[in-house]
Amino acid sequence: MSQADLLIKNGLILTLDDNFTVLPQGDIVINQGQISEISAASQTKAAQIIDASGQLVMPGLINTHTHAAMTLLRGAADDLPLDIWWHKVIFPLEKKFVSPEFVRIGAALAILEMIKSGTTSFLDMYFFSAETAEICRQFGIRAWLGEAIMDFPTPSCKSAEETLNYVRAFANHYRADPLITPVIAPHAPYTCNRENLLKAKALADQLNLPLNMHVAETAEEVANLRLQTGLTPVVYLEKLGLLCRRLSAVHCVHLTTEEIKLLAHHQVKVCHCGESNMKLASGNAPIVELLQAGVTIGLGTDGAASNNNLDLFDEMDVVAKLHKAIKHDPLAINAKTALGLATTQAAKVLLRPDLGSLIIGNKADIILLNLNTAHLTPLYNPYSHLVYSAGGSDVSTVIINGKVIMKDRRLITIDETEVLTKARELAVKIGQSLPRL
Ligand SMILES: [Zn+2]
């Protein structure tokens, strides 16, 4: 009998398949990056065996929106009005510090944090995406990377035209990469004019790549677009022909009933960043209404400057509780739904049904959680625990594309101390430039 690459034995397996199949004690066999067997007691021999006794085995979490390198600005500005947060602190710091080196160090810090809290895939929009891509390769994490397209100069490119050229070259380079997917990322309708939005859409069509954009995050941006165009953001994007199944729209906090219907009609995906929206006081996205309309939603953390961590366990907890509170309805979003938004549904946002659930043939992106802790005892309902009790630090082992990336909370692929040391060194310089507000 031929030997498999990896065998995970004796775990409590949550498959998150269509039937929510649970194996109280089961084995998963992995071969060539894919799940090849799930059974109560596998007879398959494997080169590597992980004993998952006392652990929960589930699909890796998927973060559908972040700005990874902004971890270096974590805690630089909090508890401020959005315009001051943005224009007096974050923009000036980015202008001064964002460089290829900043992005390498910040992305490494972000990916370290994401892996340690069970995230195996993320969709990033930032600058110098080629630098982020190389860090992703070093760690072995799966990523969707979009270079932010704006009308004005960015830290990486002098113009939107230059950014589009950067994106073309990036897409060409990473087209066949097993872990990196290029994304076309016009930043937002208020930072990209009509012409640049159309060019971005044309490029996404030409290269058959996902589109990702911030949409309707704040009431102010919606009011400004109405003044300029007479239209609300989603209607404006529909008129331009940007709404399509490959578009994932980030935030979608301020939507009309008509816009919710438009998103559903065009199969646009939504990336929901509940904690960021709460912290920046942007408002509450109509998640229950979007779900009722049939819109596919994934959770995102947004950048660490507005969250302030990248832990999707926190996002699951918040999305379930916040919408119960808003709706005065404990059934508004239940634990299974919240978990789906970080796994199966998030995979659909990324147009990758082979992620987000443990099914034979799916990619082996798997996490293990230690159940032998006070806050996870007793265990009656694993879905409840994952959403309402667990945290990222419960994740013990992370497997991405069939490769063990973290074992017993120790990174295999990367020197963790080096990542933290470099981040702290750069933070000394950034700290000296923080404005006194
Ligand atoms: Zn964002």
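**Two domains and their contact in a predicted model**

Me: Which residue has a side chain that meets Arg 74 in a salt bridge?
Reply: A salt bridge here is a side-chain nitrogen of Lys or Arg within 4 Å of a carboxyl oxygen of Asp or Glu. The pair in question has an N to O distance of 3.0 Å. It links distant parts of the chain, 39 residues apart, with Arg 74 in the loop between β6 (61-66) and α1 (82-97) and its partner in helix α2 (residues 100-116). The partner of Arg 74 is Glu 113.

Me: How many salt bridges does a search of the whole structure find?
Reply: Side chains of opposite charge can pair when their charged atoms come close. This is a predicted model, in which local features need pLDDT of at least 70, side-chain atom pairs count only at pLDDT 80 or more, and totals for chains, interfaces and linings use all residues. Residues are numbered from 1 along each chain as its sequence is written, and side-chain values use heavy atoms, with hydrogens and water left out. The search of the whole structure gives 17 salt bridges.

Me: How far apart do the C-alpha centres of domain 1 and domain 2 lie?
Reply: The bounds come from an automatic or database domain assignment. Domain 1 covers 4-58 + 364-411, and domain 2 covers 61-349. The distance between their C-alpha centres is 29 Å.

Me: What area is buried between domain 1 and domain 2?
Reply: Buried area is the accessible area (1.4 Å probe) that two parts lose on being put together, summed over both. Carbon and sulfur atoms give 70% of it. On the side of domain 1, Val 387, Tyr 388 and Ile 400 supply 28% of the area buried against domain 2, more than any other three residues. The area buried between the two domains is about 2100 Å².

Me: Which residue forms a salt bridge with Asp 365?
Reply: The count between domain 1 and domain 2 is one salt bridge. In the salt bridge of Asp 365, the closest N and O atoms are 2.7 Å apart. The partner of Asp 365 is Arg 142.

Me: Which element gives the largest share of the side of domain 1 that touches domain 2?
Reply: Helices (H or I, at least four residues) and strands (E, at least two) are DSSP runs, numbered from the N terminus. Those giving two or more residues to this side of domain 1 are β14 (366-370), α14 (382-389), β15 (395-400) and β16 (403-407). The largest share, five residues, comes from α14.

Me: Which residue does a cis peptide bond join to Thr 377?
Reply: The omega of this bond is about -5 degrees. The residue joined to Thr 377 is found in the loop between β14 and α14. That residue is Pro 378.

Me: Which residue has a positive phi although it is not a glycine?
Reply: The phi in question is about 55 degrees. The residue is found in the loop between α9 (274-279) and α10 (287-292). The residue with this positive phi is Ala 281.
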